[in-house]
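Reader: Could you take a close look at one helix for me, and then show me how the rest of the model sits around that picture? Keep it chatty, but walk me through the residues.

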Amino acid sequence: MNRSILHLDLDSFFVSVERLADSSLFNKPIIVGGNSERAVVAACSYEARKYGVHSAMPIRMAKSICPEAIIVRGNMDTYIKYSAMVTEIVDRYSPLYEKASIDEFYVDISGMDKYVKSSYLWAKELRNFILKETNLPISFGLSSNKTVSKVGTGEAKPNNHINIPYGSERQFLAPLSVKKIPMVGNKTYIKLRTMGVERIRTLQEIPQDLMMKAFGKNGILIWEKAQGIDSTPVLKDIEQKSISTERTFEQDSCDVKQLRNIIISMVEDLAYKLRKLNKMTSSISIKIRYSDFQTQTKQMRIDYTNLDSVLIKHILPLFDKAYSRRLLIRLIGVRFTNLIVGSYQLNLFEDIESQLRLYKTVDKLKNKYGKDIIFRASGLP
Ligand SMILES: [Mg+2]
C-alpha cells in the first residue's frame, strides 16, 4: 500500500505568535531573540529573511544588515501555549501523528482515501481548522513519505500547501538544490558542491557507490532521499512526562563537595537523555533521603532548557536549599518534569551559538563512544 504522509509546519512560528498580540508587526522585518550582548536570532519574519537574516545569527550582525528590523524579546511560555493549542487540533483529527518540534508535525493518513474523498482534501481541511482556531499561518506538504513531504512544505511556504502524488517524488525533487534534503547540512553541502553536485537531479544520477565512498552510510541515506525514497515511519510521541535518576550510597555521606559533584554528573546524564529524546524540561527537583530515612524534596520552575550548564546553575542552589538538616545522606535523586518536545533551536534565548555547537559536538561523541566519554571536570566522582 502506498503511504500518505503529511508534514505540517507553522510559518515563522515565534514571529506569527508575536503578531497575534501586536498587529503593528505585520509586513515588517521582525527578529525574535534575547536582549543580551551575545543574543542570537531565535526566529525572523520573511521580510527580514530577504535581507539575509537567519536564525542563530548574532543579533548585532542582523541589525547591521537589516537596520529597520524590529527586535522582539521572545516569550517561550506563550509559544508553548500556542504550540499546545495546535497540537490539540492535530490530535483531535489525526489517526496517527508525531510532533517533530515545537511547530512541526507529521501525520500518517495512509488509507484515509477510503473514508474521505482524498487525503489531500483532508489535509487542507485540517490546515483550515488550525488557521481558523489559532490564526497562525501554517504550510504543509503531502506525499508518500516524510522526506518528500518536508521538502514539499519548504517549497510551499509561506502559508500554502503542496501535494506530490505517488510516482512523482523524484521528478519533484530533481530541480531543487541538494541543500533542501533534510540531512544535508553545511559541511555535506560544501563537499557535494566540490563533487560538482548542486542540484538533486545530479545526485539522482550519480552511482550509489560514489556516495558511499564520499560519505559512508550517510551517503547512501542521502542518495535514497534524493530519489524520493524514505520508509521512516511516523512515530507517535511517547507521552513521557518526566525523567529521573537516583543514587543510593554504599556509605551515607555528608561530604557536600562530593554530593554536589554527584548531582552534576546526574544532571549531565539526564540532560543528554533529554536531548536524545528531543525534549526540554521546565521543572527540576531534587530529592534527599537522610540516614534516618526522612526524605526531603525541593522543586523549582525554570525556563525550558536541555542544556547541562543551565540545569546545573539551577540545581546546585536547589540542593543547598534542600539540604537543611546537615545529616548524613543515603540517597540523592534528580528529576526533570514538564517535558515538552523541543530541540537546540529553543535554547537560543539563553545561550549563544558557539555553546549550542559545543553541545551538538559533545552529543555526537557521546552517541558514538558512549555517554561517559565526556563530562565536565567538576563532575568527577
Ligand atoms: Mg516552522
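Author: Let's start inside helix α13, where D308, V310, L311, I312, I315, L316, L318, F319 and A322 are buried. Keep in mind that this is a predicted model. The helix covers residues 308-322, and for those 15 residues a rise of 1.5 Å a residue gives an expected span of 21 Å; the end C-alpha atoms sit 20 Å apart, which agrees. As background for reading the buried set, an α-helix has 3.6 residues a turn, so residues three or four places apart point the same way. With that in mind, look again at L311, I315, L318 and A322, which are among the buried residues of α13.

Not every position in this helix is hidden. P317 belongs to α13 too, and at 40% relative accessibility P317 counts as partly exposed. From P317 to R260 is 10.0 Å, C-alpha to C-alpha, with their positions 57 residues apart in sequence.

Now, what does a buried residue of α13 touch? L311 gives us a lead, since L311 is one of the contacts of T281. T281 sits in strand β10, residues 279-290, and T281 is buried, with a relative accessible area of 0%. Leaving aside neighbours within four places in sequence, T281 also has L274, I302, D303, Y304, T305, F336, T337, N338 and L339 in contact. For another bearing, T281 and I243 are 9.4 Å apart C-alpha to C-alpha, and 38 residues apart in sequence.

Y304 from that list takes us one step on, because Y304 is also touched by I340, and a relative accessible area of 16% makes I340 buried. I340 lies in the short run of β13, residues 340-341. Apart from Y304, and not counting residues up to four places away in sequence, I340 touches I80, N278, K279 and M280. Two of these, K279 and M280, fall within β10, the strand of residues 279-290. The C-alpha atoms of I340 and S139 are 22 Å apart, with 201 residues separating them along the chain.

I80 leads over to α4 (76-93), one of the elements covering the buried residues of α1. Helix α1 makes a good partner to α13 in this tour: 7 of the 9 residues of α1 (residues 13-21) are buried, so α1 is largely enclosed by the rest of the structure. Those buried residues are F13, F14, V15, S16, V17, E18 and R19. Besides α4, their cover includes β1 (5-10), β2 (30-33), β3 (41-44), α2 and β4 (70-73).

A few loops deserve a stop as well. A56 is in the loop between α2 (46-49) and α3 (59-65); its phi is near 80 degrees, a positive value in a residue other than glycine. With a relative accessible area of 21%, A56 is partly exposed. N135, in the loop between α5 (119-134) and β7 (138-143), has a positive phi too, about 65 degrees, although it is not a glycine. N135 counts as exposed, at 57% relative accessibility. Then there's the K157 to P158 peptide bond, which is cis, with omega near -5 degrees; P158 sits in the loop between α6 (146-156) and β8 (161-163).

D230 is a loop residue as well, between α11 (217-226) and β9 (243-253), and D230 is buried, at 12% relative accessible area. Not counting residues up to four places away in sequence, D230 touches R3, N145, K146, T147 and K225. The C-alpha atoms of D230 and T147 are separated by 6.4 Å, although the two are 83 residues apart along the chain.

Stepping back to the whole protein, there are 14 helices and 13 strands. The radius of gyration is 23 Å, close to the 21 Å that the globule rule gives for 381 residues, so the protein is as compact as a globular protein of that length. Along the principal axes, the C-alpha trace spans about 70 × 55 × 50 Å. Of the 381 residues, 48% count as buried. Among contacts with a separation of 6 or more, 66% join residues 24 or more positions apart. The accessible surface comes to about 19100 Å², and carbon and sulfur atoms make up 52% of that. As for charge, the mean positions of the 57 positive and 41 negative charges are 2 Å apart.

Key:
Residues numbered from 1 in each chain as written. Predicted model: local features only at pLDDT ≥ 70, side-chain atom pairs only at ≥ 80, totals over all residues. Heavy atoms only, no water. Helix = DSSP H or I, 4+ residues; strand = E, 2+ residues; numbered from the N terminus. Expected span 1.5 Å × (residues − 1). Buried < 20%, exposed > 50% of the residue type's maximum accessible area, 1.4 Å probe, protein only. Rg over C-alpha atoms; globule rule 2.2 N^0.38 Å. Contact = heavy atoms within 4.5 Å. Areas by Shrake-Rupley, 256 points an atom, 1.4 Å probe, with all protein chains shown as cover. Lys, Arg positive; Asp, Glu negative; His and termini not counted. Charge placed at Lys NZ, Arg CZ, Asp CG, Glu CD.
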